[in-house]
Amino acid sequence: MKIEPKELLTFLKNLLVIIVLLTGWSSCFAQNDVISLEGIWSFQLDSADAGIQENWFENELSGSIALPGTTDDAELGVPNTLTPKLEKPQVLRLTRKNSYRGAAWYQKKLIIPQCWKDKNIQLKLGRVIWETQVWIDGKPTGFEESLVTPHSYDLSGLLSPGEHVLTIRVDNRKKYSISVNEMGHAYTNETQIIWNGIIGEISLTATDPIFIANIQVYPDIEEKICRVLTTVNNKGKKQKGKLNLNVKLKNGAESLPELKSEINLEPGKQVFERIYPMGDEMKLWDEFNPNVYQLAVEVEGKGFSNHKSTTFGMRQITNGNAKLQINGRRLFLRGTLECNIFPLTGYPPMDEKGWDKVFTTAKEWGMNHLRFHSWCPPKAAFNVADSMGFYLQVELPVWTLDIGEDQQTIDFLKAEAERMIHEYGNHPSFALWTLGNELQGDFNVLESMLLDLKKKDPRHLYCTTAYTFEKGHGKWPEPNDDYFTTQITKKGWVRGQGLFDSEAPSFDKMYTSSIEGLPVPLISHEIGQYAVFPDLKEIQKYTGILTPLNFIAVRNDMKQKGLLNRADDYLMATGKFAYLLYKEEIERALKSDGLSGYQLLDLHDFPGQGTALVGLLDAFYDSKGIVRPEEYTQFSSPVVPFANFPKAVYLNDETFEASVAVSNYSPEPLINKEVLWELATADGRLVKNGKFSTTKIGIGANPDLGKISASLSEVTKAAKLKLTLHVGDHSNSWDVWVYPNVLAINEGNVIYTRDLEEATDALQKGEKVLYNPNFKRIKGLEGKFVPVFWSPVHFPNQAGTMGLLCDPDHPAFTNFPTDFHSNWQWWDLNKNSRVVFLDSILGANPILINIDNFNRNSSLASVFEARVGEGQLLFCTMDLSTDIESRIVAKQLLFSLLHYMNSGDFNPSGQISPEQIKSLILESEKDIGRGSIYDN
């Protein structure tokens with residue numbers, strides 16, 4: 001017998017009703033007070049927004065959907081019709097397979113058990129975007145509109161024992177002005193998506209009419225007590241009762257003494273304050289000892305009993321002397337951002353298992369801190385952070401440039417703050433609270449909100465905004481800030497992005513002078529943002545509701561241009577370079593006495609805002625294989641040794657000197673630790689080593705613990721050395737380049753010229769020519785050391801190259817030791833150059849490739865070779881002529897290139913024309929400055 005799909009659907013719905021009936025009635029016998037509403041719901045999209053007017057809450061909905069879940073999960077909504085192209089909107093973000101914005105209706109038949117008669121009944125919807133309205137049997141019960149906490153409904157008077165119909169309307173359209181171009185991460189398609197549905201716990205809970213509505217715990221570690229505020233709701237008449245409190249370590253066997261008291265219960269809500277002694281054996285909470293307590297509260301009396309529990313930690317975060325402390329000990333935050341990036345679902349995990357990978361990975365890479373940029377995570381995230389000792393910065397769901405202009409938006413944000421206190425305030429991991437990201441507008445409104453929050457909940461430190469571009473703000477703390485996040489103070493930069501391209505490399509710099517005089521602790525804002533080329537192997541990971549049209553478009557474009565075989569090399573070269581830049585970023589921060597932490601943007605990729613692939617991990621928190629966590633944690637851990645030295649490149653008649661420093665943010669000072677150091681060549685040959693002892697390495701920054709000194713005279717040929725430093729069990733290392741002091745430039749049978757006419761004439765005569773024109777007359781891109789900042793799509797007004805790629809074993813580099821990727825010794829050469837396009841010069845063979853950004857994928861080079869008629873050409877766009885005696889790196893490269901051209905290895909095969917050479921030269925110098933990269 002054939003069963004039609006419609007008949008099958010009806011059968012399944014009836015079967016579900018029977019199962020719900022049996023489950024509901026059996027709950028009486030099991031004295032179960034919770035009914036899960038997970039499963040299949042009736043469903044209907046309301047794209048015309050006609051549901052309320054047509055009374056859909058009175059009718060049976062025609063479709064079905066699984067909850068928890070979203071319309072994207074169910075493949076409902078408008079199907080994607082975009083194809084992979086390097087165009088907007090494809091390259092702006094990942095693409096939803098199905099999109100829906102508007103009202104959607106969800107409906108379920110309920111069976112309320114007999115034992116729930118006269119009970120207080122609450123409906124919980126774990127997380128929703130943005131507004132819900134609820135009807136019981138066609139009767140309205142109100143609406144909720146939180147983006148960051150559960151939606152709750154009191155259904156007590158509407159759900160008598162028996163069958164009922166619950167109807168929920170979810171509207172995910174924007175209600176308030178909370179973000180710029182919908183980029184704030186509580187409501188966006190850039191990272192999570194603007195989904196419609198209900199995720200997390202969906203349940204009905206029944207209690208006696210007298211019940212505990214909320215518990216708030218305020219620890220006091222000095223007095224070894226906690227102040228407990230218990231809100232009790234009495235829906236009945238006045239009567240007496242008991243309030244019982246009991247504390248134990250979570251998952252621990254022994255409990256502290258129970259605290260009991262008599263109470264008078266008036267009708268309505270009452271708050272009862274009790275002081276709970278934690279005892280002399282009280283255990284503190286921090287990153288090294290994440291001791292979580294569980295508080296059980298019971299209210300009981302004649303004919304009623306209700307219990308509720310919460311977790312908390314005995315910790316105190318303070319800001320004395322403009323430095324962060326945890327429980328009186330100096331604290332340094334090693335942080336990254338979590339911007340609601342979950343590309344399989346498009347929404348955050350609502351269970352602890354889903355957050356385990358986030359925090360476990362962050363810890364594996366040396367982090368102790370996460371910032372939740374313009375959003376607040378669900379309770380499961382706080383639970384995992386509590387258990388692992390992470391310090392969280394949580395923010396209201398706002399990133400706007402017009403704060404204060406719309407009173408309804410302000411009212412919504414104030415209500416969200418109240419809900420966040422109610423839902424998440426007890427968590428010890430909830431350490432820092434910022435009102436939002438890069439806020440602009442009326443700072444008087446922000447100040448009022450901040451003061452109100454500080455008064456209501458003193459368990460956190462507060463900051464007005466995570467940086468701001470508002471004129472007159474952003475470079476110094478606001479008057480009532482407890483801490484301050486910025487990228488630059490009025491005294492200077494506190495992140496390398498503003499320095500690494502403009503200042504010659506040095507490894508003894510810090511941000512102390514930029515911090516001097518700050519009245520509160522500083523955490524550097526969104527440091528890094530160095531782009532890494534897409535990992536095209538990642539495409540196969542997107543098995544969920546999002547399609548990587550951006551990645552596919554890059555792959556297709558590179559294949560069409562014959563560059564696809566370079567994709568993995570591009571990934572590794574840009575990744576290694578980004579790793580080196582992140583290392584110096586972090587080390588400068590750690591060395592800066594007075595700085596209290598940094599927040600990376602980001603440890604993992606950010607798939608929106610122009611496809612910002614700035615992570616050493618991909619968007620799934622998986623390693624890209626660029627570097628191992630053990631290497632990264634050399635400079636990302638509680639204890640980090642440093643060698644402070646002034647430059648990257650030395651001559652062999654110099655003495656290498658460095659001072660040793662250690663940042664120690666472990667629980668204790670380090671006593672009697674031996675310091676070992678060695679300077680060795682790439683093949684492991686020891687140049688010099690040494691050791692000395694320390695008596696005490698205290699908590700915080702410890703400068704000038706000892707000196708390193710090594711004569712470089714034994715290095716007779718250009719070499720890359722590695723300096724390795726060991727302090728106890730902790731190690732760190734740096735690259736150093738050494739070149740011969742006496743270096744005779746011998747042109748041999750090579751014509752070395754900067755003149756175009758001389759070069760072409762010599763080539764026509766069959767000569768070998770090293771053509772090194774004035775780089776200011778080369779038609780091409782600006783020479784940059786640092787790679788693309790953030791995204792070439794989001795910030796198009798930048799040169800947009802991503803570093804170098806070469807073969808270190810190529811004979812052109814025999815006398816110029818290099819990695820296959822950019823490293824610090826290339827700084828001067830990159831800055832004094834331009835980058836040429838070889839797309840139309842097919843005979844040119846690039847020796848030194850400049851990796852182009854993924855949105856253009858041109859073939860770029862700084863050094864290439866080719867035949868021109870009977871002549872042989874090596875074209876170098878890096879200045880090898882100006883002030884060559886003081887520019888020792890340029891002189892060394894010139895020496896190496898000439899040596900190569902005078903050897904039998906120089907034998908270009910590709911053919912180009914003199915006209916193609918001329919096409920790369922401008923008639924006169926032109927300034928290619930592009931202004932600010934923020935000018936889109």
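Is Lys-831 buried, exposed or partly exposed, and at what relative accessibility? With 26% relative accessibility, Lys-831 counts as partly exposed. Keep in mind that this is a predicted model; here are my notes, mostly on charges.

1. Lys-831 and its partner. Lys-831 makes a salt bridge with Asp-501, and their closest N and O atoms sit 2.9 Å apart. This pair links distant parts of the chain: Lys-831 belongs to helix α11 (residues 827–831), while Asp-501 is in the loop between β32 (492–493) and α6 (512–515), 330 residues apart. The two ends differ in cover, since Lys-831 is partly exposed at 26%, whereas Asp-501 counts as buried because its relative accessibility is 10%, and the cut-off for buried is under 20%.

2. Glu-190 and Arg-93. Here the closest N and O atoms of the salt bridge are 2.7 Å apart. Glu-190 comes from the loop between β13 (162–171) and β14 (197–207), and Arg-93 from the loop between β5 (78–79) and β6 (95–96), so the bridge ties together parts that are 97 residues apart in sequence. Glu-190 has just 8% relative accessibility and therefore counts as buried. If you want a longer span to look at from the same residue, take Glu-190 and Gly-783: they are 593 residues apart along the chain, and their C-alpha atoms are separated by 31 Å.

3. Lys-647 and Glu-654. This is another salt bridge, with the closest N and O atoms at 2.8 Å. Both residues fall in the middle class of cover: Lys-647 is partly exposed because its relative accessible area is 28%, and Glu-654 is partly exposed as well, at 24% relative accessibility.

4. The wider salt-bridge picture. Searching the whole structure turns up 50 salt bridges. Worth pulling up on screen is a network of salt bridges that links Asp-49, Glu-131, Glu-145, Arg-169, Asp-171, Arg-173 and Lys-175.

5. Arg-127, a charge without a bridge. Which side chain of opposite charge is nearest to Arg-127, and how far away is it? That is Glu-416, at 8.1 Å, and Arg-127 has no salt bridge even though this arginine is buried. A salt bridge needs the nitrogen and the carboxyl oxygen to be within 4 Å. What the Arg-127 side chain does reach is the backbone oxygen of Cys-376, at 3.0 Å. As for its place in the fold, Arg-127 is in strand β9 (residues 120–127).

6. A negative patch on the surface. Glu-405, Asp-406, Asp-411 and Asp-442 form a negative surface patch. Of these, I looked at Glu-405, which is in the loop between β27 (391–395) and α4 (407–424). Why does Glu-405 count as exposed? Because its relative accessibility is 67%, and exposed means over 50%.

7. Thr-574, a polar side chain under cover. Thr-574 is part of helix α8 (residues 567–591). With a relative accessible area of 1%, Thr-574 is buried. The Thr-574 side chain reaches the backbone oxygen of Tyr-570 at 2.7 Å.

8. Two to view side by side. Arg-127 and Thr-574 make a handy pair for a figure. Arg-127 is buried without a salt bridge, and its side chain reaches a backbone oxygen, that of Cys-376. Thr-574 is buried too, and its side chain reaches the backbone oxygen of Tyr-570.

Terms used. Residues are numbered from 1 along each chain as its sequence is written. This is a predicted model: local features need pLDDT of at least 70, side-chain atom pairs count only at pLDDT 80 or more; totals for chains, interfaces and linings use all residues. Side-chain values use heavy atoms; hydrogens and water are left out. Helices (H or I, at least four residues) and strands (E, at least two) are DSSP runs, numbered from the N terminus. Buried means under 20% relative accessible area, exposed over 50%, partly exposed in between (1.4 Å probe, protein chains only). Lys and Arg count as positive and Asp and Glu as negative; His and the chain ends are not counted. A polar contact is a pair of N or O atoms within 3.5 Å; within protein, one must be able to donate a hydrogen and the other to accept it, and residues adjacent in sequence count only if both atoms are side-chain atoms. Patches are made of residues with over 30% relative accessible area and no salt bridge: like charges are joined within 9 Å, nonpolar side chains (Val, Leu, Ile, Met, Phe, Trp, Tyr) within 5 Å. Accessible areas come from the Shrake-Rupley method with a 1.4 Å probe; for residues, only the protein chains shown count as cover. The place of a charge is taken as NZ of Lys, CZ of Arg, CG of Asp or CD of Glu.
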